[in-house]
Amino acid sequence: MSKPKYYMTTAIAYTSGKPHIGNTYEIILADSIARFRREQGYDVFFQTGTDEHGQKIELKAAEAGVTPKEYVDGVAGEIKRIWDLMNTSYDKFIRTTDEDHEKQVQKIFKKLYDQGDIYKGAYEGLYCTPCESFWTESQLVDGKCPDCGREVKPAKEEAYFFRMSKYADRLIEHINTHPEFIQPVSRKNEMMNNFLLPGLQDLCVSRTSFKWGIPVTFDPKHVTYVWLDALTNYITGIGYDCDGESTEQFKKDWPAELHLIGKDIIRFHTIYWPIFLMALDLPLPKQVFGHPWLLQGDGKMSKSKGNVLYADDLVDVFGVDAVRYFVLHEMPFENDGVITWELMVERLNSDLANTLGNLVNRTISMTNKYFGGVVKDCGVTEPVDEELKAVALAVPGKVSEKMDALRVADAISEIFTLFKRCNKYIDETMPWALAKDETKQERLSTVLYNLTECISIGASLLESFMPETSAKILAQLNAKKRTLEEMSQYGLYESGTKVTDKPEILFARLDLKEVLAKAEEIQKAQQAAFVQPGAQAEEDQADAEKNTVIDIEPKEEITFDDFEKMQFQVGEIIACEAVKKSRKLLCSQVKIGSQVKQIVSGIKAHYSPEEMVGKKVMVLVNLKPAKLAGVLSEGMLLCAEDENGELSLMVPEKEMPAGAEIC
């Protein structure tokens, strides 16, 4: 019987520079899903790769004094090295400079032009070079690019356009009838309300202002614009041919079961890409999952500051599987996660060294000490054994359920629930006390068998997330890795098996001061190596020279009586949505004590509605109600603002109830 197929992809990494840990998170996340799908019995094809064309690449290559191809060869090689370092099991690494990809993109462009979906026109607007995007004045946020917040410049050029509106209604219907298509659901709502329902503009799909791109065959002064080039890798990589000569692999694997991407490019994958596919008369991918970001804990990453976290630097300090564990375990399903050196040390010491490593080491050491390393089930059971067994048997199903919903962090937590229960079982049964009583030897042997059996189940489940650690644990137990079906059966560890004589320390506890000293060395090395010509260098240098304080114009003094008129309380945001026809406003329902107030705030550029929900915030409660964009606002949320106009909501340092007075 043939296995069901499962084709999944990551976004292809842009070759503008070495990927930091936030970029690397995606390939690790994808790898854990691919490994688990294989465990579930799927025939998985897992594709990743690099996006290598565009004006930004052309400029960076010129600054480096090399050709664009030489530049992307170097960066693509570095990206692949890091993907391999992190032990990711991709099946294909595609590059958009691959000859077969470029040829198909040219065919696709011509086909869409011939059938009237692409037409020639001219583009005039405000252009953001880093994002390679044109914007209208109304789309800007505070006069800057709505995607990256950088400066835009007026530009005009001849271009080809794709008629997006032709397929918009069909896409809306597909999204409405396929609720699983865009995940999480919050991303779906954003795409529908902010882009599709207001009406789609035609999309620019060619450029003439630079040359580093795939030429349009019938108009060679034009090169194919980034998204028509980059997105089509998902079909060209598995053998799509525009002339109808697609490979057997394409016929088998398309449509993809999963496109795994960052939330910042969800629009391109859930609007542009499906419409391109509709125009090519191809089925749409079954699911697009827009994962959140992994953010640097102490602010924006900058090479000039030396605070960029790279996977290889983290691996040198913590090891591959510890880094994999951290980025997978610490990322919520919808909200952004945070990474710092301090958090890494805390997780390694508590979860990996203590909960897992110490459990394995103690179990093997006690088996060697009391029974010469032989694990034997003597069948002397007590009620506490059944409790442990119930947890062990339930975990595989719970992990599968979480992974089917792509809740990877929750899946790992379920596995560690078993390891924690094993540690509790040791405390409950006290093997050291049983060892002192000659009449309790068979009970002691049974206890150690139960621990070994449960660790075998947990280690087998761990393979998708921490493959090296899983293999090490099983090797020390002299156990085979189990199939998912076998993980749901208790007692498969063969009684009488001998464990290793010398258990290996899986994760050594780290000293925070030593790690921070190492981090400082890495930071200094980054700063010393930082050489970047051009405008970006000036921008990063300016960032590096900024003070950590801000002076603002003082306002006139007020009296205490003036201050006493203002009522500040802690509020909890229980619902939030974007204000229609406004680029800046969010409307929040804020619980303050037993009341709920509606508050409109100009923070849409800084927070999504989904990020707002659940936050405890500082509220000016007795501000006179006013209408903003036609929506009633009954108070004010307090924020801090830096010199770049970045806003941060003021939140209580400690947990406080909604309604607590701020005085």
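**Exercise 1. Strand E12 in the predicted model**

Task: In this predicted model, work out which way the side chains of E12 point and whether they are buried or exposed.

Solution.
- Step 1. Sort the residues by direction. Leu 258, Leu 260 and Gly 262 point one way from E12. His 259 and Ile 261 point the other way.
- Step 2. Recall the rule. Side chains in a regular strand alternate between the two faces of the sheet.
- Step 3. Apply the cut-off: buried means under 20% relative accessible area. Five of the five residues of E12 (residues 258–262) are buried, so the strand is largely enclosed by the rest of the structure.

**Exercise 2. The partners of E12**

Task: Which strands pair with E12, and in which sense?

Solution.
- Step 1. Take E1 (residues 5–10). E1 and E12 pair in the parallel sense, over three bridges. Thr 10 stands opposite Leu 260. Thr 9 stands opposite His 259.
- Step 2. Take E13 (residues 288–291). This strand also pairs with E12 in the parallel sense, over four bridges. Here the bridge partner of His 259 is Val 288.
- Step 3. Trace the connection. From E12 the chain crosses through helix H10 (residues 266–279) to E13. This β-α-β crossover is right-handed.

**Exercise 3. Strand E1**

Task: Describe the setting of E1: what are its two sets of side chains, and which residue of E3 is the bridge partner of Thr 9?

Solution.
- Step 1. Split the side chains. Lys 5, Tyr 7 and Thr 9 point one way. Tyr 6, Met 8 and Thr 10 point the other way.
- Step 2. Check burial. Six of the six residues of E1 are buried, so E1 is largely enclosed by the rest of the structure.
- Step 3. Find the E3 pairing. Five bridges join E1 to E3 (residues 43–51), and the two strands run parallel. The bridge partner of Thr 9 in E3 is Gln 47.

**Exercise 4. Ile 94 and its contacts**

Task: Is Ile 94 buried or exposed, and which residues does Ile 94 touch?

Solution.
- Step 1. Place the residue. Ile 94 lies in strand E4 (residues 92–95).
- Step 2. Compare with the cut-off. Its relative accessible area is 2%, and buried means under 20%. Ile 94 is therefore buried.
- Step 3. List the contacts, leaving out residues up to four places away in sequence. Among them are Gln 47, Thr 48, Gly 49 and Thr 50. Ile 12, His 101, Asn 233, Thr 236 and Gly 237 also touch Ile 94.
- Step 4. Add a distance. The C-alpha atoms of Ile 94 and Met 366 are separated by 50 Å. These two residues are 272 residues apart along the chain.

**Exercise 5. An open sheet**

Task: Which strands stand at the edges of the sheet E6-E5-E7-E9?

Solution.
- Step 1. Read the order. Four strands form this open sheet, with antiparallel pairing.
- Step 2. Find the ends. E6 (133–135) and E9 (203–204) each have a single partner strand, so one side of each is left without a neighbour in the sheet.
- Step 3. Inspect one end. Two bridges join E7 (residues 153–162) to E9. Phe 161 stands opposite Cys 204 in E9.

**Exercise 6. A surface patch**

Task: Which residues form a nonpolar patch on the surface with Leu 295?

Solution.
- Step 1. Locate Leu 295. This residue is in strand E14 (residues 294–296).
- Step 2. Judge exposure. At 34% relative accessibility, Leu 295 counts as partly exposed.
- Step 3. Name the partners. Trp 293 and Val 338 complete the patch, and the three have about 240 Å² of accessible area together.

Notes: Residues are numbered from 1 along each chain as its sequence is written. This is a predicted model: local features need pLDDT of at least 70, side-chain atom pairs count only at pLDDT 80 or more; totals for chains, interfaces and linings use all residues. Side-chain values use heavy atoms; hydrogens and water are left out. Buried means under 20% relative accessible area, exposed over 50%, partly exposed in between (1.4 Å probe, protein chains only). Two strands pair if DSSP finds at least two bridges between them. A crossover is right-handed if, with the strands pointing away from the viewer, the path from the first strand over the helix to the second runs clockwise. Patches are made of residues with over 30% relative accessible area and no salt bridge: like charges are joined within 9 Å, nonpolar side chains (Val, Leu, Ile, Met, Phe, Trp, Tyr) within 5 Å. Accessible areas come from the Shrake-Rupley method with a 1.4 Å probe; for residues, only the protein chains shown count as cover. A salt bridge is a side-chain nitrogen of Lys or Arg within 4 Å of a carboxyl oxygen of Asp or Glu. Contact means heavy atoms within 4.5 Å.
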